[in-house]
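User: Can you walk me through part of this fold? I'd like to go piece by piece.
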Amino acid sequence: MGDVKLLADERVDQLYSQDIQIIQSSQVFSFSLDAVLLANFAKAPASPKGKLVDLCAGNGAVGLFMAPRTRGKIAMVELQPRLADMAQRSVVLNDLADKVTVYNQDLAIITEQIPKDSIDVVTCNPPYFSDLPDSKKNPNNYLAIARHEIATTLNTVLATTSDLLKMNGKAYFVHRPDRLVELLALMTANRLAAKRLQFVYPKAGRDANIVLVEAIKDGKATGLKILPPIMTYDDHGDHGEYSPIIHKMLYGESTTNE
């Protein structure tokens, strides 16, 4: 592992299933289960010539978690300098500097750096909430920008995704089910055809709180698959253990009840 400096509020966490370490900060940004779900759901390009771009990269969780699964190159795009710096140091920490590049800039102009129609796979865990005048925002500006469409919009994310992708390139998103109709409509408007959907539920009997979507650029509007649901927790009490599938994503080994 590479040698990096940590700031006072930072720690190093590990995704045991991938043997990846990541710099986190409770005061600035820590990845959530959504990032692990997206990285697990997305299919990384297999070819050494393959290229993957992760938009709204935060501290780099999705790109880092996918790095062991591709022989190609990965680019992370993150607007906030502090988060991009955390991602860059995590790249060094994991000895991935020859594979992963971090761009600290607005995704809306990333095609000035990365050519249009050149990317095989785009992943994105975008801000989930519209920036409405009456919406309650986190007083922590780092978290507010990560969660609300203050610095970008869903349409900008999808337009940029479409610009980056080659024809028949694939995009993978994680979002909230209450914005799925809007997401699908904007995908269609940006030449992205949904091909796989998977809903994630806190536990059996609850409403879904996460949706994962795979799209193909310039794909046909038919052939959508709805995959089996994922339960985050098992059924033992209100605060049950992680379900076997989630436990495996996080720790890499099966639990006894799988």
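Analyst: A term to start with: contact means heavy atoms within 4.5 Å. Also, this is a predicted model.

User: Good. What do the buried residues of H6 pack against?
Analyst: They pack against helix H5 (154-164) and three named strands: S7 (165-175), S8 (192-201) and S9 (210-217).

User: Which residues of H6 are buried?
Analyst: H6 covers residues 180-189. Leu 180, Leu 183, Leu 186 and Met 187 are buried there.

User: Why do they line one face of the helix?
Analyst: Look down the axis of H6: the buried residues fall within an arc of 130°, so they line one face.

User: And what does the face turned away from the buried side carry?
Analyst: Exposed residues: Val 181, Thr 188 and Ala 189.

User: What follows H6?
Analyst: Arg 191 does, and its phi is positive, near 65°.

User: Switching to S8. How many of its residues are buried?
Analyst: Eight of ten, so S8 is mostly covered; here buried means under 20% relative accessible area.

User: Do S8 and S9 pair in the parallel or antiparallel sense?
Analyst: Antiparallel, over eight bridges. Within that pairing, Ala 194 stands opposite Ala 215 in S9.

User: What about S10: how many bridges join it to S8?
Analyst: Two, and the strands run parallel. S10 is residues 225-226. Leu 197 has Ile 226 of S10 as its bridge partner.

User: And S11? Which residue is the bridge partner of Tyr 201 there?
Analyst: Met 231. S11 (residues 230-231) runs parallel to S8, and two bridges join them.

How values were computed:
Residues are numbered from 1 along each chain as its sequence is written. This is a predicted model: local features need pLDDT of at least 70, side-chain atom pairs count only at pLDDT 80 or more; totals for chains, interfaces and linings use all residues. Side-chain values use heavy atoms; hydrogens and water are left out. Buried means under 20% relative accessible area, exposed over 50%, partly exposed in between (1.4 Å probe, protein chains only). Helices (H or I, at least four residues) and strands (E, at least two) are DSSP runs, numbered from the N terminus. The arc is that of the directions from the helix axis to the C-beta atoms. Two strands pair if DSSP finds at least two bridges between them.
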